Amino acid sequence: HKIESEEHFQDSMAVCNAIGLDGLVVIGGDDSNTNGALLAEYFKAHGCKTKVCGAPKTIDGDLKCPPHIPVSFGFDTACKTYATLVGNVAVDALSAQKYYHIIRLMGRSASNIALEVALLTRPNACLLGEEVERDQKSLKHVTSELADMIEQRSNAGKDYGIIILPEGLIEFIPEFNRLMSELND
């Protein structure tokens, strides 16, 4: 949960003071470490003895600070595990030769896991949210590209395959963003 109100900051400091906490280590991504930084500033400004330290960790693989943090822990393990699973599905698809498997991987706001797994497994298609956004691809365009690929493979006698996409792909599609803006206004 985000720490947003004065009450949240006061409650956090009260808990740290009540248990006599000397230090608090916040492990997480951008939101978690932003909260940690804000807590550290609040605690210092209000004389709280608890020191706050942030440890960067994100499964999205979008946090790299070479040479100190070449890869965030969690990302490498997730990619290797997913690659093994996707590889197993690919073997099944090749064996059955009659289904397309659409595999949705973690990656709400970054497609790094989908990209890394695609590089390791070579699926028939991998949609990347950043490319969809960059090229301003509509939902119709994205689905047409996939349908064209499936048709081309079918014409070659291959009615099976693997498609990888990140879980947050829809958020990169322009008309979805417009719809969400309209709904939120």
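User: Where in the protein chain is confidence lowest, and where is it highest?

Analyst: Confidence bottoms out in H7, with a mean of 82, and peaks in strand S4 (residues 125-126), at 98. Those scores are pLDDT, the predictor's confidence in each residue on a scale from 0 to 100. This is a predicted model: local features need pLDDT of at least 70, side-chain atom pairs count only at pLDDT 80 or more, and totals for chains, interfaces and linings use all residues. Residues are numbered from 1 along each chain as its sequence is written, and side-chain values use heavy atoms, with hydrogens and water left out.

User: What is the average pLDDT of the protein chain?

Analyst: The average is 90, and 92% of the residues score at least 70. Where pLDDT is low, the predicted coordinates should not be read in detail.

User: What makes S4 a strand?

Analyst: Strands are DSSP runs of E with at least two residues, helices are runs of H or I with at least four, and both are numbered from the N terminus. S4 covers residues 125-126, so it meets the strand rule of at least two.

User: Why do Lys80 and Asp76 count as a salt bridge?

Analyst: The rule asks for a side-chain nitrogen of Lys or Arg within 4 Å of a carboxyl oxygen of Asp or Glu. For Lys80 and Asp76 the N to O distance is 3.1 Å, so the pair passes. The two residues are four apart in helix H3 (residues 75-96), which puts about one helical turn between them. In general, side chains of opposite charge can pair when their charged atoms come close.

User: How do you know whether Lys80 is buried or exposed?

Analyst: Check its relative accessible area: under 20% is buried, over 50% is exposed, and in between is partly exposed (1.4 Å probe, protein chains only). Lys80 has 51%, so it is exposed. Its partner Asp76 has 35%, so it is partly exposed.

User: How many salt bridges does a search of the whole structure find?

Analyst: Five. Among them is Asp135 with Arg134, at 2.9 Å from N to O. Here Asp135 is partly exposed at 38%, while Arg134 is exposed at 59%.

User: What is the distance between the closest N and O atoms of Lys137 and Glu145?

Analyst: It's 3.2 Å, and the two form a salt bridge. Lys137 has a relative accessible area of 14%, so it is called buried. Glu145 comes out at 33%, so it is partly exposed.

User: What makes Arg153 count as lying over the face of Tyr160?

Analyst: A charge sits over a ring if NZ of Lys or CZ of Arg is within 6 Å of the ring centre and within 35 degrees of the ring normal. Arg153 is 5.2 Å from the ring centre of Tyr160, so the distance part is met.

User: Which residues make the nonpolar surface patch?

Analyst: Leu179, Met180 and Leu183 make it, with an area of about 270 Å². Patch residues need over 30% relative accessible area and no salt bridge; like charges are joined within 9 Å, and nonpolar side chains (Val, Leu, Ile, Met, Phe, Trp, Tyr) within 5 Å. Accessible areas come from the Shrake-Rupley method with a 1.4 Å probe, and for residues only the protein chains shown count as cover. Leu179 sits in helix H7 (residues 174-184), and its 42% makes it partly exposed.

User: Why is the phi of Arg122 worth a mention?

Analyst: Phi of Arg122 is near 55°, a positive value in a residue other than glycine. Arg122 is in the loop between helix H4 (112-121) and S4, and its 71% makes it exposed. Gln136 also has a positive phi, near 50°. That residue is in the loop between helix H5 (129-134) and helix H6 (139-155), and at 54% it is exposed.

User: Where does Pro67 lie?

Analyst: Pro67 is in the loop between strand S2 (51-56) and H3. With 67% relative accessibility, it counts as exposed. Its C-alpha atom is 45 Å from that of Gln97, 30 residues away along the chain.
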